[in-house]
Amino acid sequence: MGTTAHGVPEIGQQVNLLLSHAAGYVAHRTVAMGVRAGLVEALAEAGEDGLSPDELADRLGLDRFYVATWCRAAFGAGICDRSGGAYRLAPHMATLLLDLSAPAYAGGVFEAMEQPEMFTRFEQHLATGQRLWWDGCGPRFIRAVSRVGRPFYRRLVPGGLEQVPGLAERLAAGCRVLDTACGAGMGLVLLAQAYPDCELVGVDGDEFSLEVAEENLRTAGLGDRVRLVHSPMEKMTFDRPFTVVINNISMHECRDIDQVARQVRAALEPGGWFVISDFPFPDDDDGLRSVPGRVMSGIQFFEAQIDDQLLPRRVYDDLLARHGFHGIGSVSLTPMHAVTYGRA
Ligand SMILES: C[S@@+](CC[C@H](N)C(=O)[O-])C[C@H]1O[C@@H](n2cnc3c(N)ncnc32)[C@H](O)[C@@H]1O
């Protein structure tokens, strides 16, 4: 099996390609179900000894036959290892799927992809192209997206920000920081904890997201440290300038990206930093066929519905240059996460 003399793949190769997609779907559903039903957590608690499917089922009050079915699929997907009839989580899976505080946490993606806002609604409106905005998204989707954004913030704060020349010192000394499109406030919590002397403001255009942010800040004991503002980024105005403006996985969503860049510039003190932390959407064929590229292509189904698309990172270089920012630079934090920055 392989390619013909003319470089055209044989049918068997194409079947394998398609079946690998079906296998990925099986793995995705197995992970999402395992996290939701507590199976992954129970296996994490059992540690190296693991549990037999019956023990796992009994511990969670689930059906033994069904749990054995899940265990085999989880083994097949590489989420679990097994020996002597016991299943245990494969290395790092507990961190990757359960530890919301880990920079490598990936559990949110599985949860978000399963929400109807991702694919179901897109397909329903394939003919009409009827758009959506955040105020039309369900609470489960909004909370799931905040768990997608959390590791982006976690990599940014403080590690990513430390790679922006001159910024770490200012943050440590205390300054005014604005998180634009702050969503459910996960970033504000991390910023407030990392930089106790900073004054923090979060702005977002969606009221429900801000309610969740308020709740998250209160739970973290930071309710009085952060001011939340309900406004589109295109229209935000502030009475005093900021030293740093951050945007996490949202810059691509601006209805008018140039207007937002102008508003950010106006909100910054001279020499202040604008830090854009986002998905770097691949703009070449190889990138689009890579695993990160394909996951980002999945996210595009939601982005299309809110009338945007993820952007190649270099678009932000051009945007910052166009609006007179200087000292423009970027760092790649993971294949799915890049930071672009510039100074006012
Ligand atoms: C993908 S979520 C990210 C939220 C947060 N930064 C995070 O990483 O968890 C996008 C957020 O951007 C907000 N948003 C999108 N476009 C906006 C705009 N033009 N003005 C204000 N907020 C906007 C949405 O309401 C939503 O909360």
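These legends go with a set of close-up views of a predicted model.

**View 1. Helix α8 meets helix α10.**
Let's start with α8, which spans residues 139-162, and its partner α10, residues 186-194. Two packed helices are described by the angle between their axes and the distance between the axes. Here the angle is about 25 degrees and the axes sit 8 Å apart. That angle is under the 35-degree cut-off, so α8 runs roughly parallel to α10. The two pass each other in a right-handed crossing. On the α8 side, look for S146, R147, R150, Y153, R154, V157 and L161; on the α10 side, the touching residues are M186, G187, L190, L191 and A194. Sort this contact by class and you get seven nonpolar, two polar and three charged residues.

**View 2. A cis bond at V157 and P158.**
Stay with α8 for this one, since P158 has its place in that helix. The peptide bond joining V157 and P158 is cis, with omega at about 0 degrees. Most residues other than glycine have a negative phi, and most peptide bonds are trans. V157 may ring a bell: it's one of the α8 residues in the contact with α10.

**View 3. Helix α8 meets helix α11.**
Now for another partner of α8: helix α11, made of residues 207-219. The axes of α8 and α11 come within 11 Å and cross at roughly 60 degrees, so this pair counts as oblique. The crossing is right-handed. P139, I142 and R143 are what α8 brings to the contact, while α11 supplies F208, S209, V212 and E215. Between them, these residues split into four nonpolar, one polar and two charged.

**View 4. R140, an exposed residue of α8.**
R140 is found in helix α8 too. Is R140 buried or exposed? Its relative accessibility is 55%, so R140 counts as exposed. Set aside the neighbours within four places in sequence, and R140 is in contact with R36 and Q115. For a sense of scale, pick out G324 as well: it lies 184 residues from R140 along the chain, and the C-alpha atoms of the two are separated by 39 Å.

**View 5. H28, a buried residue of α1.**
This view turns to helix α1, residues 11-36, where H28 has its place. With a relative accessibility of 16%, H28 counts as buried, because the cut-off for that is under 20%. What does H28 touch, not counting residues up to four places away in sequence? Its contacts are V109, F110, M113 and E114.

**View 6. The buried face of helix α12.**
Helix α12 covers residues 257-267, and its buried residues are I257, V260, A261, Q263, V264 and A267. Seen down the axis of α12, they fall within an arc of 165 degrees, so they line one face of the helix. An α-helix has 3.6 residues a turn, so residues three or four places apart point the same way. What do the buried residues of α12 pack against? They pack against β6 (242-248), β7 (268-278) and α15 (314-322).

**View 7. Helix α12 meets helix α15.**
Here's a closer look at the partnership of α12 with α15. Their axes are 10 Å apart, and the helices pack at an angle of about 55 degrees. That makes the two oblique to each other, and their crossing is right-handed. From α12 come I257, D258 and A261, which meet Y316, L319 and R322 of α15. By class, the contact holds four nonpolar, no polar and two charged residues. I257 and A261 also appear among the buried residues of α12.

**View 8. Positive phi at H92 and D307.**
Last stop: a couple of loops. H92 sits in the loop between β2 (86-89) and α5 (93-98). Although H92 is not a glycine, it has a positive phi of about 70 degrees. At 62% relative accessibility, H92 counts as exposed. D307 isn't a glycine either, and its phi is positive at about 70 degrees. You'll find D307 in the loop between α14 (291-305) and α15. Its relative accessibility is 48%, so D307 counts as partly exposed.

Conventions. Residues numbered from 1 in each chain as written. Predicted model: local features only at pLDDT ≥ 70, side-chain atom pairs only at ≥ 80, totals over all residues. Heavy atoms only, no water. Axes fitted to C-alpha atoms, helices over the stretch in contact; angles between N-to-C directions. Helix = DSSP H or I, 4+ residues; strand = E, 2+ residues; numbered from the N terminus. Parallel < 35°, antiparallel > 145°, perpendicular 65-115°, else oblique. Left-handed = near helix turned anticlockwise from the far one by under 90°. Contact = heavy atoms within 4.5 Å. Nonpolar A, V, L, I, M, F, W, Y, C, P; charged D, E, K, R; others polar. Buried < 20%, exposed > 50% of the residue type's maximum accessible area, 1.4 Å probe, protein only. Arc of directions from axis to C-beta.
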